[in-house]
Amino acid sequence: MSRVIFHEENGVDRPVPTLAPGQAVQDAYGRPLRDLRISVTDRCNFRCRYCMPREVYGADHVFLPRSALLTFEEITRVARIALTLGVRKIRLTGGEPLMRKQLDVLVGMLAELRTPDGAAPELTLTTNGALLARQAAALARAGLNRVTVSLDAMDDAVFQRMSDGGVPVADILAAMDAAVQAGLQPVKVNMVVRRGMNDDQILPMARHFRHSDKVLRFIEYMDVGHSNGWRMDEVVTGAEIIRLISAEFPLVPVQAQYRGEVASRWCYADGAGEIGLITSVSQPFCGDCTRLRLSPEGKLFTCLFADHGHDLRELIRTGADDAVLAAHLSGVWLTRKDRYSEQRGQAHRDNKIEMSYIGG
Ligand code: SAM
Ligand code: SF4
Ligand code: SF4
């Protein structure tokens, strides 16, 4: 006999909808749950000024203790349940995800999961690249499909100013090549653009990655968390970036491939490949946001700019069965009303989570 599961909404228990294979739970605005981003650590070997400035994340900063982190088994269990609710893509992030020991073991466990219609979920990773060269082959063997590598400049001095990580650009480029060699393709490259800091690197980056097997994506600098002292005048908009690049290399827009695609895509008119733009500030895409985030300590966040999460770890560690976890997870999604980027300016928040805790 099938069991009816309830989730709580405004103090009232409501039944969780039964989903056919391929269906997804939908939030209050009809957005399906499709992506799960899993942050596996709040630690990082870089101190990017826009994410973990050293003044805030210094030697005395207290990171989560190991016992607070979800184990690989716990993460895999949450992911397995999320797949039954509609998730099709899983992205590992952090902090720096490659600092979590034996990440390839987690990748192997996630790679064995299947959606209700028997498909393997797409499995990707976002990394700063510093530890990627030595791990790429093992990650690919374990079942990782693709990687996104962050790189904010071609020039070493500018890169150090942005990343404060002491790793030369050449090492990150070599790591990208190692990923390609391992079959983690296509490699995407994320460049956060901050006016006055690295906007002079837009063209050098575009020139470098044209005609390559990597896809460069420009990300508008966002007001995630509170530690970066974000100011609107430091945002270089996607439109500005397109104008700048097209003056040297004409660009043509490419149609979106699927609902929830984060980047708007442009290709070079001369056939030298494509670029992406993630315009979360100037052209928010909340209407298509299908992403649920799991923090290193097992809290669910329904928005990058959320000020509170929904704890799963307590439920997991006190013996909740899969049906209860599924009810909790779908309850969180069904009642979701986030659209922070569309309300920016009107929606002041005091306790936004930090990017290094929840990942991009
Ligand atoms: N450490 C990994 C990395 O840097 O790729 C993964 C986590 S990092 C938080 C994920 C992505 O978020 C990176 O591409 C990073 O550049 C981007 N990011 C961090 N802070 C940001 C901000 N304030 N605005 C826009 N993007 C940001
Ligand atoms: Fe670390 Fe990534 Fe944040 Fe840079 S953006 S400090 S690499 S977590
Ligand atoms: Fe999604 Fe929140 Fe970003 Fe909007 S602001 S796109 S709801 S994560």
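Good morning. Helices and strands here are DSSP runs, at least four residues of H or I for a helix and at least two of E for a strand, numbered from the N terminus. The model I shall present is predicted.

Allow me to begin with a loop that rests on that definition. His211 is found between helix H6, residues 202-209, and strand S8. The phi of His211 is positive, near 60°, and the residue is not a glycine. His211 counts as exposed, because its relative accessibility is 62% and the cut-off for exposed is over 50%.

A second residue of this kind is Gln102, in the loop that links strand S4 (89-93) to helix H2 (103-111). Gln102, likewise not a glycine, has a positive phi of about 55°. With a relative accessible area of 56%, Gln102 is exposed.

A further backbone feature concerns a proline. Gln185 and Pro186 are joined by a cis peptide bond, with omega about -10°. Pro186 sits in the loop between helix H5 (169-182) and S7.

I turn now to the sheet. In what order do the 12 strands of the open sheet run? The order is S9-S10-S11-S8-S7-S6-S5-S4-S3-S12-S13-S14, and the pairing is mixed. The edges are held by strand S9 (251-254) and strand S14 (310-311); each has a single partner strand, so one side of each lacks a neighbour in the sheet. Towards the S9 end of that order, strand S10 (residues 264-268) and strand S11 (residues 274-278) run antiparallel and are joined by 4 bridges. Within this pair, Cys267 has Glu274 of S11 as its bridge partner.

Let us look more closely at S12, residues 291-294. On one side, S12 pairs with strand S3 (residues 35-39) in the parallel sense, over 4 bridges. There, Arg37 stands opposite Arg293 of S12. S12 is also joined by 2 bridges to strand S13 (residues 299-301), and these two run antiparallel. In S13, Phe301 is the bridge partner of Arg293.

What of the two faces of this strand? In a regular strand the side chains alternate between the two faces of the sheet. In S12, Arg291 and Arg293 lie on one side, Leu292 and Leu294 on the other, and all are buried, which leaves both faces covered.

S12 and S13 form a hairpin with 4 residues between the strands, and Gly298 takes a positive phi there, near 85°. Ser295 is also placed in the loop between S12 and S13. Is Ser295 buried or exposed? Ser295 is buried, because its relative accessibility is 1%, against a cut-off of under 20%. The side chains of Ser295 and Tyr357 are joined by a polar contact of 3.0 Å.

I come to the ligands, starting with ligand 1. Of the 19 residues around ligand 1, those that come nearest are Tyr50, Gly95, Ser150, Val192 and Met222. The backbone of Met222 places an N or O atom 2.9 Å from a nitrogen atom of the ligand. For Gly95, a backbone N or O atom is 3.0 Å from a nitrogen atom of ligand 1. Tyr50 brings a polar side-chain atom to 3.2 Å from an oxygen atom of ligand 1. Taken alone, ligand 1 exposes 540 Å², of which the protein buries 95%. Strand S5 (122-127), strand S7 (187-193) and strand S8 (214-220) each contribute at least two residues to this shell. By class, the shell holds 7 nonpolar, 10 polar and 2 charged residues.

Ligand 2 has around it Cys44, Phe46, Cys48, Cys51, Met52, Gly95 and Asn128. This shell has 5 nonpolar residues, 2 polar ones and no charged residues. Two of its cysteines deserve a remark: Cys48 is buried at a relative accessible area of 14%, and Cys51 is buried at 17%. How many disulfides does the whole structure contain? The search finds 0.

Lastly, ligand 3 returns us to S12. Among the residues that surround ligand 3 are Cys286, Cys289, Arg291, Arg293, Cys303, Arg336 and Asp338. At least two residues of the shell come from S12, and at least two from helix H10 (340-343). The classes around ligand 3 are 7 nonpolar, 1 polar and 4 charged. Arg293 thus appears in this shell, on a buried side of S12, opposite Arg37 and bridged to Phe301.

Thank you for your attention.

Notes: Residues numbered from 1 in each chain as written. Chains lettered and ligands numbered in written order. Predicted model: local features only at pLDDT ≥ 70, side-chain atom pairs only at ≥ 80, totals over all residues. Heavy atoms only, no water. Disulfide = S-S within 2.5 Å. Buried < 20%, exposed > 50% of the residue type's maximum accessible area, 1.4 Å probe, protein only. Pairing = 2+ DSSP bridges. Near = heavy atom within 4 Å. Nonpolar A, V, L, I, M, F, W, Y, C, P; charged D, E, K, R; others polar. Polar contact = N/O pair within 3.5 Å; in protein donor to acceptor, adjacent residues only side chain to side chain. Areas by Shrake-Rupley, 256 points an atom, 1.4 Å probe, with all protein chains shown as cover.
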